[in-house]
Amino acid sequence: MSRAFMALLRRDLALALRHGIDLLAVVLFFLAAGALFPFAIGPEPALLARIAAGIVVAMAALAALLSLDRLFAADFEDGGLDLIFLSPLPLELAAMAKVLVHWLTTGLPLLLAAPILGLLLHLPGELYGILLLALIGITLALSLLGGLGAGLTLGARRGGILLAFIVLPLFVPVLILGMGAVLAVARGDSPVAALQLLLALDLGLLAACPWALAGALRQVLQ
């Protein structure tokens, strides 16, 4: 079972890297959309510094949406998802492999690009560490919730728009907890409580989302 999981993980990761332009588009959207804010609200460094962390987190959530509608769609269209369903690998583990690939090819690049956007927005130097730490928990939760939304909207007409309506409200608690940790450091307080809540949310999603996602995929395939 572990060999089948790793084989699916390597296969999906290779397919995602083969379409590197899609990965680049996510990062470029993240940077370009975030860089528009100084033009909209003015280039005053003090103002940008106050809202920089929030912009980075919000743009990360929007950028993560770009690749979600294709998470299962390609395998659904070419019959690959049916083969996965009939394989000995439990559908819950297969779904988790695809969610993990989404995080590796979307969440991880956004983490690497976040300091660049922070620099453009005059993010205070003391917030870089906590922002990246919070983004790890945020992007993991976004991939899990986004995978669930992608499973629920698989095969639907205008699935991308429907996916955004389903997933964006679910992102709100994740963003609040992540920003809570960043704001705590900005105030000189400890971010431990907010990070613990974010970790608890991630663990809860990790326990629940594979089963819910597998159930949604079964409904589509049957």
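**Helix 7 in a helix contact, a cavity and a pocket**

In this predicted model, helix 1 and helix 7 are in contact. Helix 1 contributes F5, L8, L9, R11, D12, L13 and A16. These residues meet L93, A94, M96, A97, K98, L100, V101, L104 and T105 of helix 7. By class, 12 of the contact residues are nonpolar, one is polar and three are charged. Helix 1 spans residues 2-18, and helix 7 spans residues 91-120. Their axes come within 9 Å. The crossing angle is roughly 35°, and the crossing is right-handed.

Helix 7 also lines an enclosed space. A search of the whole structure found one cavity of 30 Å³ or more. The volume of this largest cavity is about 30 Å³. Its lining consists of A64, H102, T106, G107, L110, T139, L142 and S143. Two elements, helix 7 and helix 8 (128-152), give two or more residues each to this lining. Helix 7 gives the most, with four residues. The class make-up of the cavity lining is three nonpolar residues, five polar residues and no charged residues.

The open spaces were examined next. The largest pocket has a volume of about 600 Å³. Its lining comprises 22 residues. Nearest the pocket centre lie L15, A16, D22, R70 and L71. One of these, A16, also belongs to the helix 1 side of the contact with helix 7. At least two lining residues come from each of helix 1, helix 2 (20-35), helix 5 (73-78) and helix 7. Again helix 7 gives the most, here with five residues. Nine residues of the pocket lining are nonpolar, five are polar and eight are charged. Charged residues thus occur in the pocket lining, whereas the cavity lining has none.

Confidence was then considered. The mean pLDDT of the chain is 87. A value of 70 or more is reached by 99% of the residues. Confidence is highest in helix 8, at a mean of 92. Helix 8 is one of the elements that line the cavity. Confidence is lowest in helix 5, at a mean of 75. Helix 5 supplies at least two residues of the pocket lining. Where pLDDT is low, predicted coordinates should not be read in detail.

Note on methods
Residues are numbered from 1 along each chain as its sequence is written. This is a predicted model: local features need pLDDT of at least 70, side-chain atom pairs count only at pLDDT 80 or more; totals for chains, interfaces and linings use all residues. Side-chain values use heavy atoms; hydrogens and water are left out. Axes are lines fitted to C-alpha atoms, for helices over the stretch in contact, and angles run from 0 to 180 degrees between N-to-C directions. A crossing is left-handed if the near helix is turned anticlockwise from the far one by less than a right angle, and right-handed if clockwise. Contact means heavy atoms within 4.5 Å. Ala, Val, Leu, Ile, Met, Phe, Trp, Tyr, Cys and Pro count as nonpolar, Asp, Glu, Lys and Arg as charged, and the others, Gly among them, as polar. On a 1 Å grid over the protein atoms alone, a cavity is a set of points where a 1.4 Å probe fits but cannot get out, and a pocket is an open set with protein on both sides within 12 Å along at least five of seven lines; lining residues have an atom within 4 Å of a point. Grid points are joined across faces, edges and corners, and a volume is the space filled by probe spheres set on the points. pLDDT is the predictor's confidence in each residue, from 0 to 100.
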